Amino acid sequence: MDATAPVSGPIASEQTPSSDADGNRCALHIRDLTVAYHRKPVLWDVDLDVPPSVVAGIVGPNGAGKSTLIKAVLDLVPHASGTVEIFGKPYRKQRRLVGYVPQRESVDWNYPINALELVAMGLYRTIGWFRRVGPVYRRRALEALADVGMADLARRQISQLSGGQQQRIFLARALVQDADVYFMDEPFSGVDAATEKAIIAILQRLREAGKTVFVVHHDLETVREYFDYLIMLNMRVVSAGPVADVFTPENLRRTYGGRLTLLDRAVDAMGRSR
Amino acid sequence: MIADRLMRVLTLADYNTRVVMFGTVMLGIAGGVIGVFLLLRRRALLADAVSHAALPGVAGAFLLILALGGNPRSLPLLMLGALVSGLFGMGCVLFITRFTRISQDAALGIVLSVFFGFGIALLGIIQRTRGAPAAGLNSFIYGRTASMIRADAMLIGTAALVVVVVSVVLFKEFRLFTFDPDFAAGDGWPVQRLDTLLMALVVAVTVIGLQAVGIILVIAILVVPPAAARFWTDRLDHMVLISAGMGAIGAYLGTGISALAPRLPAGAVIVVAHGAVFVVSMLFGSTRGVLRDLFAHRTLARRTVMQNLLRALFECEEAGRGGSVESQWRYLTTARGWIDRELTRGLRLLLHDGSIYRLPAGAWQLTELGRVRAARVTRNHRLWEVYLLEHAETARAHVDRGADYIEHVLGEELVAELEAALPRFGKVVPASVHVIGPAGGSA
């Protein structure tokens with residue numbers, strides 16, 4: 001399948017998996033992914049083929065399943081059905097290629113830990129079981145902190161950081177994971193202008209380094225500026241492809257302009273039948 | 001006589017005291033260490049459910065052993081029963097939470113009360129069974145520390161050793177998954193298995209603690225020392241050490257006191273001792289203690305009043321209204337909106353601080369030192385305002401509030417950064433960006 005063409009609905013699923021027409025491997029390949037909480041589907045028949053080396057925005061209304069899509073890819077929520085592949089192999093075998101920035105609100109910021117120690121968590125899988133975080137790794141964590149402009153706050157307890165600074169150390173922790181594919185859950189939410197700029201600079205650098213980055217995003221005004229690939233989501237993939245092709249009024253209306261009534265009713269019916 | 005007994009207890013001269021002391025102190029250390037991770041995982045009440053769910057296991061094991069003709073007082077077997085039903089209770093909580101829409105607190109309440117009620121009912125049956133020496137079983141509810149024998153103490157010691165070793169070896173892994181389980185799982189760590197291991201250690205400490213402190217109170221040795229330790233440090237490794245130390249101290253004090261006054265049940269006294277340590281930590285803790293917070297808050301509040309008044313006096317002079325006491329007072333109260341009480345307090349602080357003095361006619365005047373300070377404060381305030389206007393796109397009307405709030409916490413570094421960002425001002429005090437007075441909303 002041509003990576004520049006919008007992928008929508010189950011039509012694409014009949015194609016051969018995980019590579020485009022030129023035989024290039026997809027960074028992320030999803031087939032027939034359905035996720036349900038208490039039997040109520042949150043994601044429905046998701047098919048995606050995203051080429052490598054793009055910064056891909058994931059947009060959609062509240063409850064569209066944006067975070068769930070990321071969590072499903074990372075195996076953090078159970079799939080009702082479907083397959084997820086990273087560079088042509090099942091996710092479980094490719095964990096080391098993946099980096100993750102969870103939502104900032106998902107952790108307890110009163111946890112007794114400082115910025116440097118938090119960033120060093122991204123190195124744990126390199127360090128391996130049982131071993132301590134040695135000076136070499138501490139230096140790498142410090143470098144990552146410097147990358148996000150926070151070297152002087154390395155010893156600061158994390159509750160004493162501003163929201164933007166907290167977001168930046170989350171990003172630094174993902175950077176030291178040294179992944180090929182990144183998933184970032186709302187990194188721009190509630191951050192100051194300086195942090196926003198820092199994040200954009202990092203996205204830019206990751207793209208230049210050939211990494212693939214997925215970013216859950218809310219602000220439609222900045223879509224053209226930040227991303228070169230876009231996944232428009234509302235329980236299913238409404239449209240996905242290069243921003244220039246898919247970011248159209250028609251697609252926006254289909255994504256945000258109320259859910260498809262038939263699908264909605266089917267979901268409600270399933271919710272009731274339990 | 002009393003002094004003699006005190007010495008015997010403190011120096012552990014008696015064999016029995018020594019055994020009990022060893023057991024309770026090791027239990028305190030084990031609870032203190034693993035409790036830190038339990039607390040940070042936000043599962044503290046799950047341990048309470050486990051301990052309560054252990055009661056039917058104890059009673060059931062007793063009945064089973066009796067039916068099979070064994071010795072129903074055998075502690076290891078009773079503990080095995082406690083372990084099985086405690087784990088089963090925990091499984092019920094996790095099952096209910098995961099597969100229904102009942103929230104975890106409700107699930108805990110259900111399991112805790114139903115299991116405990118079932119256990120009490122079984123105890124009733126046992127007491128009516130003729131020939132069953134049931135007296136010992138009640139001690140599981142409130143604990144009977146004094147009945148601890150050497151083998152029990154050794155069991156507790158072994159368990160404590162396991163807990164400490166695992167916590168040290170898996171320190172990094174425990175920290176990772178208790179802080180951010182989603183990230184840990186995405187990073188490829190077996191979060192489920194680590195969680196199971198943590199809870200298994202918690203259950204182990206709970207079960208071996210049943211005899212010493214009892215079902216109802218055992219939660220305290222897991223929760224109170226870690227919570228107290230948190231007031232003293234922002235570092236996890238230190239928190240674990242402090243918590244272990246506090247667990248040991250509480251156990252030592254509690255056991256010692258109850259040895260001196262044998263009618264006091266040791267388990268309860270240990271928990272009260274933990275409570276005392278907690279209260280002291282909460283008040284005087286060096287990192288998050290209440291007094292430290294109050295003091296820091298007071299210092300900031302005082303500095304804020306002083307800096308605001310310094311700036312007001314400086315701008316009063318600027319406006320040429322500092323001449324007479326009447327015009328000065330009118331400026332401060334009407335144009336700047338100071339209320340009398342606040343103004344009097346601020347003036348007293350500044351006077352005490354050597355920043356102002358009073359002219360014979362009654363008007364307040366900045367001293368030389370005060371003028372330097374006032375100029376600096378005013379300058380920082382206005383630099384910050386200009387910065388906000390130019391770099392943060394704040395609406396003009398909101399500038400002063402933002403500047404008022406933040407300027408009092410500006411460090412030297414930040415001021416230097418401000419100067420670098422706004423080089424055109426050099427070292428002078430820039431003009432205010434808004435009309436000072438009621439129209440500008442300034443205070």
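Helices in these legends are DSSP runs of H or I that span at least four residues, strands are DSSP runs of E that span at least two, and both are numbered from the N terminus. The views are all taken from a predicted model.

**Figure 1. Overview of chain A, with its 10 helices and 10 strands.** Of the 274 residues in chain A, 55% are buried. When contacts in chain A are restricted to residues at least 6 apart in sequence, 67% of them join residues at least 24 apart. The surface that chain A exposes comes to about 11800 Å², and carbon and sulfur atoms supply 50% of this area.

**Figure 2. Overview of chain B and its division into domain 1 and domain 2.** The secondary structure of chain B consists of 19 helices and 2 strands, and domain 1 covers residues 2-287, while domain 2 covers residues 294-425. Taken over C-alpha atoms, the centres of domain 1 and domain 2 of chain B lie 56 Å apart. Chain B has 443 residues, of which 49% count as buried, and 70% of its contacts with a separation of 6 or more are accounted for by residues 24 or more positions apart. The accessible surface of chain B is about 21200 Å², with 66% belonging to carbon and sulfur atoms.

**Figure 3. The largest nonpolar core, viewed around A:Leu48.** In soluble globular proteins, nonpolar side chains tend to be buried together. The largest nonpolar core in this model has 172 residues, and those with the most contacts inside it are A:Leu28, A:Leu48, A:Ile169 and A:Phe183. Helix 10 of chain B, residues 191-213, gives the most to this core, contributing 13 residues. With residues up to four places away in sequence left out of the count, A:Leu48 touches A:Leu28, A:His29, A:Ile30 and A:Arg31, as well as A:Leu69, A:Ile231, A:Val237 and A:Ala240. A second core, separate from this one, has 21 residues, including B:Leu310, B:Leu313, B:Cys316 and B:Leu332.

**Figure 4. The surroundings of B:Arg175 in helix 8 of chain B.** Helix 8 of chain B runs over residues 171-179 and contains B:Arg175. The relative accessible area of B:Arg175 is 9%, and the residue is therefore classed as buried, given that buried means under 20%. Leaving out residues up to four places away in sequence, B:Arg175 touches A:Tyr111, A:Ile113, A:Glu117, A:Met121 and A:Tyr124 of chain A, together with B:Phe37 and B:Leu236 of chain B.

**Figure 5. A nonpolar surface patch on chain B.** The patch measures about 570 Å² and is made by B:Leu6, B:Leu10, B:Ile249, B:Tyr252, B:Leu253, B:Ile257 and B:Leu264. Two elements of chain B give two or more residues to the patch, namely helix 1 (2-10) and helix 12 (236-260). Helix 12 of chain B supplies the largest share, 4 residues. Within the patch, B:Ile257 is placed in helix 12 of chain B, and B:Ile257 counts as partly exposed because its relative accessibility is 40%.

**Figure 6. The position of B:Val271 in helix 13 of chain B.** Helix 13 of chain B, which comprises residues 266-284, is the place of B:Val271, a residue that is buried with a relative accessible area of 16%. Aside from its neighbours within four places in sequence, B:Val271 is in contact with B:Leu217 and B:Ala220. B:Val271 and B:Val224 are 47 residues apart along the chain, and their C-alpha atoms are separated by 8.5 Å.

**Figure 7. Positive phi values at A:Asp45 and A:Phe87.** A:Asp45, a residue other than glycine, has a positive phi near 50° and is found in strand 2 of chain A, residues 40-50. With a relative accessibility of 34%, A:Asp45 counts as partly exposed. A:Phe87, likewise not a glycine, also has a positive phi near 50°, but A:Phe87 is found in the loop between strand 4 (81-86) and strand 5 (89-90) of chain A. The relative accessibility of A:Phe87 is 15%, so this residue counts as buried.

Note on methods: Residues are numbered from 1 along each chain as its sequence is written. Chains are lettered from A and ligands numbered from 1 in the order in which they are written. This is a predicted model: local features need pLDDT of at least 70, side-chain atom pairs count only at pLDDT 80 or more; totals for chains, interfaces and linings use all residues. Side-chain values use heavy atoms; hydrogens and water are left out. Buried means under 20% relative accessible area, exposed over 50%, partly exposed in between (1.4 Å probe, protein chains only). Contact means heavy atoms within 4.5 Å. Accessible areas come from the Shrake-Rupley method with a 1.4 Å probe; for residues, only the protein chains shown count as cover. Domain bounds come from an automatic or database domain assignment. A nonpolar core is a set of buried Ala, Val, Leu, Ile, Met, Phe, Trp, Tyr and Cys residues joined through side-chain atoms within 4.5 Å. Patches are made of residues with over 30% relative accessible area and no salt bridge: like charges are joined within 9 Å, nonpolar side chains (Val, Leu, Ile, Met, Phe, Trp, Tyr) within 5 Å. A salt bridge is a side-chain nitrogen of Lys or Arg within 4 Å of a carboxyl oxygen of Asp or Glu.
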